[in-house]
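Trainee: Could we go through the empty spaces in this protein together? I would like to learn how to describe them.
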Amino acid sequence: MTKYVKIIMKSTRIQHLFIAFTLVAALASTLDLRAETKEKAKKNVKYNENGEIIKTGLNFGPIPAVAFDADKGFQLGAILNMYDFGNGATYPDPRQQWYFEASFFTKGSQLYTITYDNDFSIPGVRLSSALSISNDKAMDFYGYNGYKSFYDYDKMQAGNKGESYLYSPFYKVDRLSALLKCDFTGNIWQNKLFWLAGYNLRVFNQNPINRTKINKGKKEEEMFPDGEPTLYEQYLDWGIIHPGEVGRSISSAIRLGLELDTRDKEGAPTRGVWLTALTTLAPKFLGSTIPYYKYTATFRHYVPIVKNDVLTFAYRLHYDGTFGNYAPHYILPFINCMGVNFDKDGMGSYRSVRGLIRNRVVGLDMASYNVELRWRFVNFKLWKQNIAFGLNAFSDGTMVTREFDTSFQKTAADFESEAQYLSAKNSYDTYMQNGQRKERPHITVGGGFRFIMNQNFIICLEYGLPVGKLRHQDGNGAFYINTGYLF
């Protein structure tokens, strides 16, 4: 118990140091690289109708990335946002922007991301691209169909009393994922209705956990033993996950869609609607290991309650579905999107349902909502930057609406002996009996703080907590340090 307290205290101190450093770095490290002298720049400062400084040229927003995970270790890294406002004609929207992130964990996990968005080089067409490599030695895996898959909250909280290992590796998998995507957005009508087209290539190498990596730095009594199967290994043993999907796999997909966008601005919108509908087509002839076809619809609405960006009500409704009755298990957790953003794991964690453990809700079809009240309680100018502080209160929710087939897929002939077959079948029956008979909504609530600079560089600090009768099946809540608004 003492050890856990020390870990939590260390993690909390790091978060506090990170918050302080983030705010200082955001204010002190922001640069304006216009090729003008300071005196000339001072004379040329212009303001828009809201009294904001119209930004021009390149603006930078660097922040460190620091976190802690018991299975991954300490995260160390850096994030850099770059915005090009040109002559200021498009402010508060940049004409092009870059995002760089490089992070590594002390137990071997790594994350490298580069995104680039350009809205001026090709007349009438916007280019959005991304390259991301994630080598995750302790990726979350909680099974499928939400509450129908049992999450042992008591063991996760207590370790596994009476045993010689901690329980959290039971819900982990080793996954290397590399993404390359390029999307194009073209105007159909008055820069409000757009067509979407793009190519999305993702390479996976997903396997059971590497116990050497997971156990690195742990005491002998804390190590996860070779003889104890993880949930992922049990899913393989039960035939729910096909052996042909383990290891290296490729998803090569074309995406097509339509978008309606009437937002007043992109980084921190306060009025308008944003509707996106798209399909993902990953046939075998494009190079996909296992073909699949998905569709996605997202509706976002921003309602100003107090003008001048002071108080805004915003909500998002999302549906992610599958054509047919099957999709490879490694693709199911991802929430499909196009444009500036790229696919993120879900449902659960910061980019989908805050406060819910990552990838808790996975199925063939999934629905979700996010509701927020955003209050920008102060605005001021500092060092030629438009600065604002904001608070938000939110509720997020999700559920599986069409289940992935989790029936026992093997027969006695697939095992070396009758005893092995009966052991696997008994463990499967016990696992399924512990889960709920029906899936139901997973609901969280929470709040957060925003540091907003020039309407685009946004640092968020948020905490979300599951609620409801089955709240412990969704984890213990989570604290996030990230960039941007959720939607």
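Mentor: We shall discuss cavities, a pocket and one lysine in this model, which is predicted.

Trainee: How does one look for empty space at all?
Mentor: Rolling a probe the size of a water molecule over the atoms shows where empty space is left.

Trainee: How many cavities of 30 Å³ or more does a search of the whole structure find?
Mentor: The search finds 5 cavities of that volume or more.

Trainee: What is the volume of the largest cavity?
Mentor: The largest cavity has a volume of about 120 Å³. Its lining is made up of 14 residues, and Asp140, Phe141, Gln206, Pro333 and Asn359 are the closest to its centre. Two elements give two or more residues each to this lining: strand S5 (125-140) and strand S6 (172-189).

Trainee: And which classes of residue line the largest cavity?
Mentor: The lining of the largest cavity holds 8 nonpolar, 4 polar and 2 charged residues.

Trainee: Next one, please. How much space lies in the second largest cavity?
Mentor: About 80 Å³ of space lies there. Among the residues that line the second largest cavity are Asp309, Arg374, Trp375, Arg376 and Tyr485. The elements S14 and S15 each give two or more residues to this lining.

Trainee: Which element gives the most to the lining of the second largest cavity?
Mentor: That is S14, with 3 residues. By class, the lining of the second largest cavity has 6 nonpolar, 3 polar and 3 charged residues.

Trainee: Let us change to pockets. What is the volume of the second largest pocket?
Mentor: The second largest pocket holds about 380 Å³ of space. It is lined by 19 residues, and Asn48, Asn50, Glu52, Asp309 and Gln455 lie nearest its centre.

Trainee: Which strands supply at least two residues each to the lining of that second largest pocket?
Mentor: Strand S14 (365-382) and strand S15 (385-402) do so. The largest share of the pocket lining, 4 residues, comes from S14.

Trainee: How do the residues of that pocket lining divide by class?
Mentor: There are 4 nonpolar, 7 polar and 8 charged residues in the lining of the second largest pocket.

Trainee: One last topic: where is Lys155 found?
Mentor: Lys155 is part of helix H3 (residues 153-158). The C-alpha atoms of Lys155 and Leu166 are separated by 8.5 Å, and the two residues are 11 residues apart along the chain.

Trainee: Why does Lys155 count as partly exposed?
Mentor: Lys155 counts as partly exposed because its relative accessibility is 31%, and that class lies between buried, under 20%, and exposed, over 50%.

Definitions and conventions. Residues are numbered from 1 along each chain as its sequence is written. This is a predicted model: local features need pLDDT of at least 70, side-chain atom pairs count only at pLDDT 80 or more; totals for chains, interfaces and linings use all residues. Side-chain values use heavy atoms; hydrogens and water are left out. On a 1 Å grid over the protein atoms alone, a cavity is a set of points where a 1.4 Å probe fits but cannot get out, and a pocket is an open set with protein on both sides within 12 Å along at least five of seven lines; lining residues have an atom within 4 Å of a point. Grid points are joined across faces, edges and corners, and a volume is the space filled by probe spheres set on the points. Ala, Val, Leu, Ile, Met, Phe, Trp, Tyr, Cys and Pro count as nonpolar, Asp, Glu, Lys and Arg as charged, and the others, Gly among them, as polar. Buried means under 20% relative accessible area, exposed over 50%, partly exposed in between (1.4 Å probe, protein chains only).
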